[in-house]
Amino acid sequence: MKKSEKAFAYVALMLVIAQVAVILVSWIVTAVTQALPMRSLLSSEGIRWFFGEFVSNLASPLLVWMLLAAIAYGALRSSGLLQALKGESHEHRNSFRHRFALKIVVAEVILYVCIILILTCIPHAVLLSSTGHLFPSSFSQSLVPVITFGVVLVSVTYGLLSSTLSSVVDVFHSLTIGVSYLLPWWFIYVLAVQLWYTICFVFML
C-alpha cells in the first residue's frame, strides 16, 4: 500500500470518528440541558435533516470544481504534457514531433490568454460585471472552468501532435481517466462536507 493511500485512510477514519463524536455530543448535551443553542442529530428533526439534506449538502460548487480539475489532470497526464513540462520524457524530448507540439502549445496558451484578456480587460468587456468590476463577475464565477478548459485544450493538442493520443478513443480515455486518479479525494470530500454541515446544524451556525 502506498503512503498516500495510508494517509487518506487515516484522514477518512478521523473524519468518521469526528462525525460520530459530533452526533453523540449533540445527543448527550441536549439531553442534559436545553439551555445551550444546540440541536441533537438523533432527534426527529436531526434525523429528517440528515436524510433530507444529504444530497443538497454535497451538491456544492467545490464538487464541480473537483470534477473539472480531475478531467484536466487526466488530460494533462495522459497526453504526456505533464511529463514533458517536468522534463521526464527523455526519449521524445529532442524529437521533431515533441518540439513542434510544444511550440503549438505555447502559441495556443498565448492565444487563449489574449482571448481571456479581451473578454475581461477592455472597457465594457463581456465577462465584467454590470458595474464594470472583475470580482465579482461572470469571469470570477467561471475562473476554475476557464483554467481547466485551457489545460484540457493544450493537453489534447499536445497529445495529438506528439502522437501520444492517436485516436478519438485515446482522447476520450484521457478526459475520463482523471476521475480515477482522484478517487481518494472524492471520498474525503463526502466525509468532510457532511461533517461540516453536521457541525453547522448541531451548533446552529
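**From a Loop Residue to the Nonpolar Cores**

S163 is partly exposed, since its relative accessible area is 38%. The model in which this residue is seen is a predicted one. S163 belongs to the loop between α8 and α9. Its backbone deserves attention: the phi angle of S163 is near 70 degrees, a positive value in a residue other than glycine. Most residues other than glycine have a negative phi. A positive phi also occurs just after α4, where G80 takes a value of about 90 degrees.

From this loop, the reader may turn to helix α8, which covers residues 143-161. G159 is placed in this helix. Is G159 buried or exposed? Its relative accessibility is 0%, and because buried means under 20%, G159 counts as buried. With neighbours within four places in sequence left aside, the contacts of G159 are S79, T164 and L165. L134 stands 25 residues from G159 along the chain, and the C-alpha atoms of the two are separated by 33 Å.

S155 also has its place in helix α8. The relative accessible area of S155 is 0%, so this residue is buried. Which residues does S155 contact, apart from its neighbours within four places in sequence? They are A75, L76, S79 and L81.

Two of these contacts, A75 and L76, lead to helix α4, where both are among the buried residues. The helix runs over residues 61-78 and holds 18 residues. At 1.5 Å a residue it should span 26 Å, and its end C-alpha atoms are 26 Å apart, which agrees. Besides A75 and L76, the buried residues of α4 include M66, A70, A72, G74 and S78. What covers the buried residues of this helix? The cover includes α5 (81-86), α8, α9 (168-181) and α10.

Helix α6 may be examined in a similar way. It has 25 residues and reaches 36 Å from its first C-alpha to its last, close to the 36 Å expected at 1.5 Å a residue. Its buried residues are H98, A101, V105, E108, I116 and T120. These pack against α5, α7 and α8.

Beyond α6 (96-120) the chain enters the loop that leads to α7 (138-141), and L128 is found in this loop. With a relative accessibility of 15%, L128 counts as buried, because the term applies under 20%. Residues up to four places away in sequence not being counted, L128 touches L119, T120, I122, H133, L134 and S137. G150 lies 22 residues from L128 along the chain, with 20 Å between their C-alpha atoms.

The nonpolar cores come next. In soluble globular proteins, nonpolar side chains tend to be buried together. Here the largest nonpolar core has 12 residues, namely A12, L15, V22, I23, M38, L41, W49, I188, L191, L195, F201 and V202. Helices α1 (3-32) and α10 (183-202) each supply at least two residues of this core. Which helix gives the most? It is α10, with five residues. L41, one of the core residues, touches Q19, I23, S26, G46, I47, W49, F50, T198 and F201, when residues up to four places away in sequence are not counted. Another core, of eight residues, lies apart from this one, and among its members are L76, V105, V154 and Y158. L76 is thus met again, having appeared as a buried residue of α4, and V105 as a buried residue of α6.

Nonpolar residues are also found at the surface. V16, V20, L24, W27, I28, V32 and L42 make a nonpolar surface patch of about 640 Å². One of them, I28, lies in helix α1. At 46% relative accessibility, I28 counts as partly exposed, because that class lies between the 20% and 50% limits.

The final stop concerns charge. Side chains of opposite charge can pair when their charged atoms come close. How many salt bridges does a search of the whole structure find? The search finds one. In this salt bridge the side chains of R39 and E45 meet, at 3.4 Å from N to O. R39 is partly exposed, with a relative accessible area of 24%, and E45 counts as partly exposed at 36% relative accessibility.

Definitions and conventions. Residues numbered from 1 in each chain as written. Predicted model: local features only at pLDDT ≥ 70, side-chain atom pairs only at ≥ 80, totals over all residues. Heavy atoms only, no water. Helix = DSSP H or I, 4+ residues; strand = E, 2+ residues; numbered from the N terminus. Buried < 20%, exposed > 50% of the residue type's maximum accessible area, 1.4 Å probe, protein only. Contact = heavy atoms within 4.5 Å. Core = buried A, V, L, I, M, F, W, Y, C linked by side-chain atoms within 4.5 Å. Patch = residues over 30% accessible without salt bridge, like charges linked within 9 Å, V, L, I, M, F, W, Y side chains within 5 Å. Areas by Shrake-Rupley, 256 points an atom, 1.4 Å probe, with all protein chains shown as cover. Salt bridge = Lys/Arg side-chain N within 4 Å of Asp/Glu carboxyl O. Expected span 1.5 Å × (residues − 1).
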